[in-house]
Amino acid sequence: MTNKIYTMSDMHVDYKGNFDHLLNLNDPAYAEATLIVAGDATDDLGKLEQLLSHFKTIYAEVFFVPGNHELWVRRGGFEDSVSKFWAIVKMCERIGVQTQPKKLGVGDKAAWVVPLFSWYTKPEEGEDSLYYDKSSATNPVKDETEAIWSDNFFCRWTQLKTNQRVVDFFLDLNVATCQRDYDAPVISFSHFLPRQDLIFPLGNWRQNLSQFKDPLPQFNFTGVAGTVDLDSQVRQLGSLLHIYGHQHRNRHRKEEGITYISHCFGYPKERSQAYWRGDNLPKLIWDDGEIEVESEF
Ligand SMILES: [Fe+2]
Ligand SMILES: [Fe+2]
């Protein structure tokens, strides 16, 4: 029995072209394999179930964690994003999609796949934010992220306790998962980013941001990207490999001993950009006990 694991995130199937492409996805190679879906498929629960159910017919195992888009409550009758989150977890259970750790394969081909629930820390919410101030004396920009970012309008957190941060609600759900023992290599995954360096391209771009053309200067993604507390959980798990999504910038990096991979399907217009890396297919990341080898990008 082989143990192959594929991943893809940010499928955004509200774009009909994305949905059609993914519902037509099939390959005999998937039949004994696993697919990790790292969030942001759609806020439409019916479509999400249809998509994940399709993957269940072509893959042996499917794993999922919600992204920010799943937790929008602009439609579908949910009062609050927390109740929608639990409804999604329940739906996954019902159709056999994994949202909890599971061991796949046997012997030296085995791996544990460990889902981590997460959110992001805004710069004003704490030091664990991945925020990077892109404004400088030579290139001043007015940060209007708060007014632009859709989660601020489409998510509702009325069920959280006073002063409870959204990010802590999700990371607290992972505590038991991070404390237990695993008897095979751990492949963890989340929707959000665990590290600031993953936001930026390889090299020292962080220090030279002003020389690159910024298509949307008033928006700063780093403030809604993730949290370093998620990386602490990844390291507590002893993950060999961590998969994430959310930024729509594909990566394959090794940082302080852990390999990080992001493989987003993304929006149709993104896939025509010069920076885009991806072939519209789930990416093979684990092949019978080994991480798929690739040079860093
Ligand atoms: Fe996304
Ligand atoms: Fe996202």
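Trainee: Let's start with helix 8: which strands does helix 8 lie across, and at what angle does helix 8 run to strand 6?
Mentor: Keep in mind that this is a predicted model. Helix 8 lies across strand 5, strand 6, strand 7 (241-244) and strand 9 (258-262). Its direction relative to strand 6 comes out at about 165°.

Trainee: In what order do the strands of the six-strand open sheet come?
Mentor: The pairing in that sheet is mixed. Going from one strand to the next, the twist averages 20°. The order is 4-5-6-7-9-8.

Trainee: Which strands stand at the edges there?
Mentor: Look for strands with a single partner strand, so that one side of each is left without a neighbour in the sheet. The two that fit are strand 4 and strand 8 (251-255).

Trainee: Do strand 4 and strand 5 run parallel or antiparallel?
Mentor: Strand 4 (residues 102-104) is joined to strand 5 by three bridges, and Leu104 stands opposite Ala111. The two strands form a hairpin with six residues between them, and Gly105 in the turn has a positive phi of about 75°. They run antiparallel.

Trainee: And strand 5 with strand 6, parallel or antiparallel?
Mentor: Here four bridges do the joining, with strand 6 covering residues 186-189. One pair to find on screen is Val113 with its bridge partner Ile187. This time the strands run parallel.

Trainee: How many residues of strand 5 are buried?
Mentor: Check both sides of the strand. Ala111, Val113 and Pro115 point one way, Trp112 and Val114 point the other way, and all are buried. That makes strand 5 (residues 111-115) mostly covered, with the buried count at five of its five residues.

Trainee: Which residues are in contact with Val113, leaving aside neighbours within four places in sequence?
Mentor: Val113 belongs to the largest nonpolar core, which has 65 residues, and is among the members that touch the most others, along with Ile5, Ile36, Val37, Val62 and Ile187. Its contacts are Ile5, Thr34, Ile36, Phe63, Pro101, Lys102, Leu104 and Ile187.

Trainee: Over to the other sheet: which are the edge strands of the five-strand one?
Mentor: This open sheet has the order 3-2-1-10-11 and mixed pairing. At one end, strand 10 (residues 283-287) and strand 11 pair in the antiparallel sense over two bridges, with Trp286 bridged to Ile291. The strands that pair on one side only are strand 3 and strand 11 (290-291).

Trainee: What angle does the direction of helix 2 make with that of strand 3?
Mentor: Helix 2 packs on that sheet, touching strand 2 (34-37) as well as strand 3. The angle with strand 3 is about 150°.

Trainee: What do the buried residues of helix 3 pack against?
Mentor: Pick them out: Ser81, Val82, Lys84, Phe85, Ile88 and Cys92 are buried. Seen down the axis, they fall within an arc of 165°, so they line one face of the helix. That set packs against helix 2 (45-58) and strand 3 (61-64).

Trainee: Which residues are exposed on the other side of helix 3?
Mentor: Helix 3 covers residues 81-95 and reaches 21 Å from its first C-alpha to its last, close to the 21 Å expected. Just after the helix, Gly96 takes a positive phi of about 80°. The exposed residues on that other side are Trp86, Lys90, Glu93 and Arg94.

Trainee: Is Asn68 buried or exposed?
Mentor: Asn68 is found in the loop between strand 3 and helix 3. Beyond four places in sequence, Asn68 touches Asp40 and Asp151. Its C-alpha is 8.6 Å from that of Asp43, which is 25 residues away in sequence. With 23 other C-beta atoms within 10 Å, Asn68 counts as buried.

Trainee: Last one: which residues does Leu198 touch, not counting those up to four places away in sequence?
Mentor: Leu198 lies in the loop between strand 6 and helix 8 (228-237), and is buried, with 21 other C-beta atoms within 10 Å. Its C-alpha is separated by 31 Å from that of His54, 144 residues apart along the chain. The residues touched are Leu193, Arg251, Arg253 and Tyr260.

How values were computed. Residues are numbered from 1 along each chain as its sequence is written. Chains are lettered from A and ligands numbered from 1 in the order in which they are written. This is a predicted model: local features need pLDDT of at least 70, side-chain atom pairs count only at pLDDT 80 or more; totals for chains, interfaces and linings use all residues. A nonpolar core is a set of buried Ala, Val, Leu, Ile, Met, Phe, Trp, Tyr and Cys residues joined through C-beta atoms within 7 Å. A residue is buried if 20 or more other C-beta atoms lie within 10 Å of its own, exposed if 12 or fewer, and partly exposed in between; C-beta atoms are placed from the backbone. Two residues are in contact if their C-beta atoms, placed from the backbone, lie within 7 Å. The expected span of a helix is 1.5 Å times one less than its number of residues. The arc is that of the directions from the helix axis to the C-beta atoms. Two strands pair if DSSP finds at least two bridges between them. Axes are lines fitted to C-alpha atoms, for helices over the stretch in contact, and angles run from 0 to 180 degrees between N-to-C directions.
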